[in-house]
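User: Could you take a close look at one part of this model for me, the sheet with mixed pairing? I'd like to hear how its strands are put together, and then how the rest fits around that.

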Amino acid sequence: MSYKIVIVDYGSGNLSSVERSLSRIGVDFKVSGRPEDIESADKLILAGVGHFGSAMQSLKERNLVEPLEKAVLTDKKPVLGICLGMELMAQSSEESDAPGLGWLDASVIKFRVNDTVRYKVPHIGWSRVTTKKESRLMKGVDDSAEFYFLHAYHLVLSNQSALLSECVHERNYAASIESGNIFGVQYHPEKSREAGLQLLKNFVELQ
Amino acid sequence: MSRPRLIPVLLLSGSGLVKSVRFKGHRYIGDPLNAARIFNELKADELIFLDIQASREGRCISLDFVNELAEELTMPFSVGGGITSIEQIRSIVRAGVEKVVIGTHAVEPDFVRQAAYEFGSSTISVCIDVKKTFWRGDRVHVKNGRVATQYDPIGFARSMEDAGAGELIIQPIDRDGTMSGLDVALINSISTQVTVPVVALGGAGNTADLIEGIQKGMASAVAAGSLFVFRDADRGVLINYPSDKRFLENYA
């Protein structure tokens, strides 16, 4: 069976890479910022780049916070957050005073680095991740696969049971998470070649 | 920590791909989209496309071209050339580009600041072209190296970091296209003074140069033009990229 996939459009502006990736794996999807489309979707993808505060503001201005909350928390629709999209699911971020969507028991902090010559912020580049928990999201993805990271902030989980994989940038931090119907990746699957496409395919095909 | 990146830099002049030596004598290399396709297949870490005429001609890199690139590439890439407005960046990001490169217009730190606020630091790279001047030592140059500014590279790099740039591409003009080695001292003097990643561009001619950029220059990435578009010192055109790019990990 095929699911109705909606990429949430809240004006963040860089959804096209995710769109192209889904097209490449032959997935039908809709890009929409309309509450009724979120209501009728089977699965949601929350992507985006930019500033936490301005992203939260756009979600509010487009009246998307409540429909999203209903879809994710009440109707338990699978949702995949990518980079900033995952960060938005936290309670708060050091990047802004605006509260997050609050779906995850987590906060977002800026990288704290001691060795600033060796560990640069933003963290940019290809990294392997260490699996902490098996997940349907990673089915068929090789353990040695590299993913592309581009971020200055990262998630801090209050409850480690949601942790799927970790990356190291001086210290360990969450590279991907799963909590019930909520999935999130700090890296960019849409720019991570075969491994990333496989991950997106896994999400789309989740039963 | 991610392993050090190896980044081909492709220069555009008109609709053609060119390669310069010390920012001069541009030689036609081929079709940029074709080269992009090959680097995509060779699994390059990232690509950087710079329209080297745009700033002087008072325009921005072609959005049509950026869209075509985004259609072809399944990998991260940056574009730059004559970017002077937030709206231009918005269109480029919307096309599916990870990072934009600001060059000449970075002399307006407020523009960099605004861009970083709007799109996040991770999206904004600044390319700093550096040339030795007779009286005043190293100075930042703009408009494809033609115009000297008053800024010394280290101070300028710091001010770009303060403004919110998420990455600095450091390019000593005198090394461009020479394949004679990186200016490791310059790269090191900047990468040890800033907390954002530094990309060393200009002069890489062989594997030893790449290693030196990482090991001694403390760069997060080494970028190169000639090394990845020429077969060897004879400069026969051959798009190439190492299949064992992970080797640099041992030197970080």
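Analyst: First, a bit of vocabulary: two strands pair if DSSP finds at least two bridges between them, and strands (E, at least two residues) and helices (H or I, at least four) are DSSP runs, numbered from the N terminus. This is a predicted model, where local features need pLDDT of at least 70 and side-chain atom pairs count only at pLDDT 80 or more, while totals for chains, interfaces and linings use all residues. Residues are numbered from 1 along each chain as its sequence is written, with chains lettered from A and ligands numbered from 1 in the order in which they are written.

Now to your sheet. In chain A, three strands form an open sheet in the order 5-6-10, and the pairing is mixed. Strand 5 (92-93) and strand 10 (153-157) of chain A are the edges, each pairing on one side only. Strand 6 (residues 106-110) of chain A runs antiparallel to strand 10 of chain A, and five bridges join them. One residue to click on is A:Ala106, whose bridge partner in strand 10 of chain A is A:Leu157.

Next, where chain A meets chain B. Counting two residues as in contact if their C-beta atoms, placed from the backbone, lie within 7 Å, 28 residues of chain A touch 32 residues of chain B. On the chain A side, helix 1 (16-24), strand 7 (123-128), strand 9 (146-151) and strand 11 (163-169) each supply at least two residues. Strand 7 of chain A gives the largest share, five residues. By class, that side of chain A has twelve nonpolar, twelve polar and four charged residues (Ala, Val, Leu, Ile, Met, Phe, Trp, Tyr, Cys and Pro count as nonpolar, Asp, Glu, Lys and Arg as charged, and the others, Gly among them, as polar).

Over in chain B, you'll find eight helices and twelve strands. The C-alpha trace of chain B spans about 40 × 40 × 40 Å along its principal axes. Two of its helices are worth a look: helix 1 (residues 32-41) and helix 2 (residues 63-72) of chain B pack at an angle of about 30°, with axes 10 Å apart (axes are lines fitted to C-alpha atoms, for helices over the stretch in contact, and angles run from 0 to 180 degrees between N-to-C directions). The contact is made by B:Leu33, B:Ala36, B:Arg37 and B:Asn40 of helix 1 of chain B, and by B:Glu68, B:Leu69 and B:Glu72 of helix 2 of chain B. Those contact residues divide into three nonpolar, one polar and three charged.
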